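Biologist: Could you walk me through this model, starting with the basics and then going piece by piece?

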2 protein chains.
Amino acid sequence: MTANTRAALAEVSGVAAARDPATREFVFNHTMLRIKDPGASLDFYTRVLGFTLARKVDFEPAGFSLYFLVLVDDDAAIPDGDEARRQWLAEQRGVLELTHNHGTEEQDGPVYHDGNSAPRGFGHICVSVPDVRAACARFEALGVPFQKRLSEGSMRSIAFIKDPDGYWVEIIQPARLD
Amino acid sequence: MTANTRAALAEVSGVAAARDPATREFVFNHTMLRIKDPGASLDFYTRVLGFTLARKVDFEPAGFSLYFLVLVDDDAAIPDGDEARRQWLAEQRGVLELTHNHGTEEQDGPVYHDGNSAPRGFGHICVSVPDVRAACARFEALGVPFQKRLSEGSMRSIAFIKDPDGYWVEIIQPARLD
């Protein structure tokens, strides 16, 4: 087990000896997932998880739309107007981009692959909450499907819920769960 | 096209009428991708993109390890010690979690699916940079493979590079590219 000190982690194989100054101000900005039905996904991410829809961009005639969502305590900080929002969003960490290819919402059954069965790759996104037990009780009350409840499996401090496309959303809390 | 004002976005179908106070302090914490070879991926994310390896957790005998990376201007803010780092990480936006199932690095060829061919789902992650042209010139000089150069396709302000597993990493800049 790595000691998880700065010094020990710097010795892990593959880690760069020093940060290249050319990477200054780089920001891990967003993660993009394709979604079948924006109505269902926007309901899930805004009503259930508290995200704010910060920008919507429609590409016609290519036939797709992009939805950019953020999970911020005060969305009054988001400027108004398309160009101001584009720039503001590009400066943020932790943006969720949802891509809707028009017409998928009319298809029967699931359209997209969650990455957790063959062929695997992407695993999940994660939302951290102040109280994971309270959050999971609320998800149960709202009828949100679970991939793994707190009471299931060997890791009792984390849960996984599923978004409308079946993507896994891990739920954790910072404080240790006793 | 949506006006991309607060008022217009609130009217998009599916968007919750008001934010549930129960979602206060929820944070979009991380995105998890499975990787074949941690040496290759840590080299890419730390040397090429400037991420810091903030925590490594080994699960034995289950046979997997988790690598948590952040892209922050000053990694001196990260506390030392496993529990302090676990808590600190859980409070952040924009963490990248890489999962290594031990032994995959010995397999021939690609192990994981990037999500952009059938079956599709996950699309990409994105790193925002101050100067996308300078960043892309550096990636070229470093021999990083591109999925789409700035000069290719119809969107000339964005590029996509590929990580060692073939996952797409979009590169953008906040300022409009003239």
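Modeller: What follows goes from the ground rules to the interface, then to one loop residue, a helix and some salt bridges. This is a predicted model, in which local features need pLDDT of at least 70 and side-chain atom pairs count only at pLDDT 80 or more, while totals for chains, interfaces and linings use all residues. Residues are numbered from 1 along each chain as its sequence is written, chains are lettered from A and ligands numbered from 1 in the order in which they are written, and side-chain values use heavy atoms, with hydrogens and water left out.

Biologist: Okay, how many residues of chain A are in contact with chain B?

Modeller: In chain A 93 residues are in contact with 93 residues of chain B, where contact means heavy atoms within 4.5 Å. The two chains bury about 7,600 Å² between them, and 54% of that is on carbon and sulfur atoms; buried area is the accessible area (1.4 Å probe) that two parts lose on being put together, summed over both.

Biologist: Which three residues supply more of the area that chain A buries than any other three?

Modeller: Those are A:Arg6, A:Phe26 and A:Phe28, which supply 10% of the area that chain A buries against chain B.

Biologist: And which strands pair up between the chains?

Modeller: Strand S5 of chain A (residues 122–128) and strand S1 of chain B (residues 27–35) run antiparallel and are joined by 6 bridges. Strands here are DSSP runs of E with at least two residues, helices are runs of H or I with at least four, both numbered from the N terminus, and two strands pair if DSSP finds at least two bridges between them. Within this pairing, A:Val127 has B:Phe28 as its bridge partner.

Biologist: Changing topic: where does B:Asn116 lie?

Modeller: B:Asn116 lies in the loop between strands S4 (95–101) and S5 (122–128) of chain B. With a relative accessible area of 16%, B:Asn116 is buried; buried means under 20% relative accessible area, exposed over 50%, and partly exposed in between (1.4 Å probe, protein chains only).

Biologist: What does the side chain of B:Asn116 make a polar contact with?

Modeller: The side chain of B:Asn116 makes a polar contact with the side chain of A:Arg34 at 2.7 Å, and it also reaches the backbone oxygen of B:Gly123 at 2.9 Å. A polar contact is a pair of N or O atoms within 3.5 Å; within protein, one must be able to donate a hydrogen and the other to accept it, and residues adjacent in sequence count only if both atoms are side-chain atoms.

Biologist: What caps the N-terminal end of H2(B)?

Modeller: B:Asp37 does, with a side-chain oxygen 2.9 Å from the backbone nitrogen of B:Gly39. The helix covers residues 38–48, and its buried residues include B:Leu42, B:Phe44 and B:Val48. After the helix comes B:Gly50, whose phi is positive, near 85°.

Biologist: Last thing, how many salt bridges does the structure hold?

Modeller: Over all chains the structure holds 16 salt bridges, each being a side-chain nitrogen of Lys or Arg within 4 Å of a carboxyl oxygen of Asp or Glu. One of them joins B:Asp80 and B:Arg85, with the closest N and O atoms 3.1 Å apart.

Biologist: Is B:Arg85 buried or exposed?

Modeller: B:Arg85 counts as buried, at 2% relative accessibility, whereas B:Asp80 counts as partly exposed, at 42%.
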